[in-house]
Amino acid sequence: MDFGALPFLWEGLKYTVLITLVGVFLGSIVGSIFGLMRLSRIGFVRAIAAIFVEAIRGTPLLAQIFFIHFGIPGLLDLRFDPLYTGIFVIAINSGAYIAEIVRGGVQSIDKGQMEAARSLGLTGSQTMRYIIWPQAIKVMIPPFGNQFIISLKDTSLLSTIAVADLMYQSRTYTGLSASYFDTYLLVCLFYLAITIPASLLLRYTERRLERT
């Protein structure tokens, strides 16, 4: 086994984790906003959210990466830092899927609870904050965890725009050493070292939520 790739992969792992954490965090904000917009009583607001969600979910992530990193700068005569492009793309992409998670989570709560809260004098925002949202979060946690793992794996596509993540660093090392089998085996093990514990934590959380 050629372990010469380890310093390269450790460096790439930092970027992979950074982009995933920041991107999904921002994506959760984007997703919450658009998810609630999809539940709005105002048709125009729902339409804007639907267009965003369907546009992102209906196009490949790689196409989104190229459009944002090359297409927009080419039109506006700008230059984007690959790292910032990566975070932005992961945020927007995960945000579209999280929007559907939020919408589904809120809609899973019995509408009778909304009506009961309003009859007690709570406003719509108070009902959402104190009654609906706490229950919806429990429903949303499992699919949100799955989306985190998906976004983590999706960061591998960012190597196409020279983001120094795991895949980019592995390609850099194989270009120097031609040690393809060992290097890419280590890359897979690195990803598994994150995704397996994350999956186990997700299952544990699901079991805890079922008991509450």
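What follows covers the salt bridges of this predicted model and the way helix H1 packs against helix H7.

Three salt bridges turn up in the model. One of them sits within helix H1, which spans residues 6–37. Here lysine 14 pairs with glutamate 11, and the closest N and O atoms are 3.5 Å apart, which falls inside the 4 Å cut-off for a salt bridge. The two residues are three positions apart in H1, so about one helical turn separates them. As for solvent, lysine 14 is exposed, with a relative accessible area of 54%, whereas glutamate 11 comes out as partly exposed at 32%.

The other pairs share glutamate 100. This residue forms a salt bridge with arginine 38, with 2.6 Å between the closest N and O atoms. Glutamate 100 belongs to helix H4 (residues 82–107), while arginine 38 is in the loop between H1 and helix H2 (43–57), so this contact ties together parts of the chain that are 62 residues apart in sequence. Glutamate 100 also meets arginine 103 through a salt bridge, this time at 2.7 Å from N to O. That second partner is local: both residues lie in H4, three residues apart, or about one turn of the helix. Put together, Arg38, Glu100 and Arg103 make up a linked network of salt bridges. Within that network, glutamate 100 is buried, its relative accessible area being 17%, which is under the 20% limit. Arginine 103, at 23% relative accessibility, counts as partly exposed.

Turning to helix packing, H1 has a contact with helix H7, which runs over residues 166–177. Two packed helices are described by the angle between their axes and the distance between the axes. For this pair, the axes come within 7 Å and cross at roughly 160 degrees. Because angles over 145 degrees count as roughly antiparallel, H1 and H7 are therefore roughly antiparallel to each other. The crossing of H1 past H7 is right-handed.

On the H1 side, the contact is made by Phe8, Leu9, Glu11, Gly12, Leu13 and Thr16. Their counterparts in H7 are Leu166, Gln169, Ser170, Thr172, Tyr173 and Leu176. Sorted by class, this contact has six nonpolar, five polar and one charged residues. Glu11 thus has two roles here: it is among the H1 residues that meet H7, and its side chain is the salt-bridge partner of lysine 14.

Methods:
Residues are numbered from 1 along each chain as its sequence is written. This is a predicted model: local features need pLDDT of at least 70, side-chain atom pairs count only at pLDDT 80 or more; totals for chains, interfaces and linings use all residues. Side-chain values use heavy atoms; hydrogens and water are left out. Helices (H or I, at least four residues) and strands (E, at least two) are DSSP runs, numbered from the N terminus. Buried means under 20% relative accessible area, exposed over 50%, partly exposed in between (1.4 Å probe, protein chains only). Axes are lines fitted to C-alpha atoms, for helices over the stretch in contact, and angles run from 0 to 180 degrees between N-to-C directions. Angles under 35 degrees count as roughly parallel, over 145 as roughly antiparallel, 65 to 115 as roughly perpendicular and the rest as oblique. A crossing is left-handed if the near helix is turned anticlockwise from the far one by less than a right angle, and right-handed if clockwise. Contact means heavy atoms within 4.5 Å. Ala, Val, Leu, Ile, Met, Phe, Trp, Tyr, Cys and Pro count as nonpolar, Asp, Glu, Lys and Arg as charged, and the others, Gly among them, as polar.
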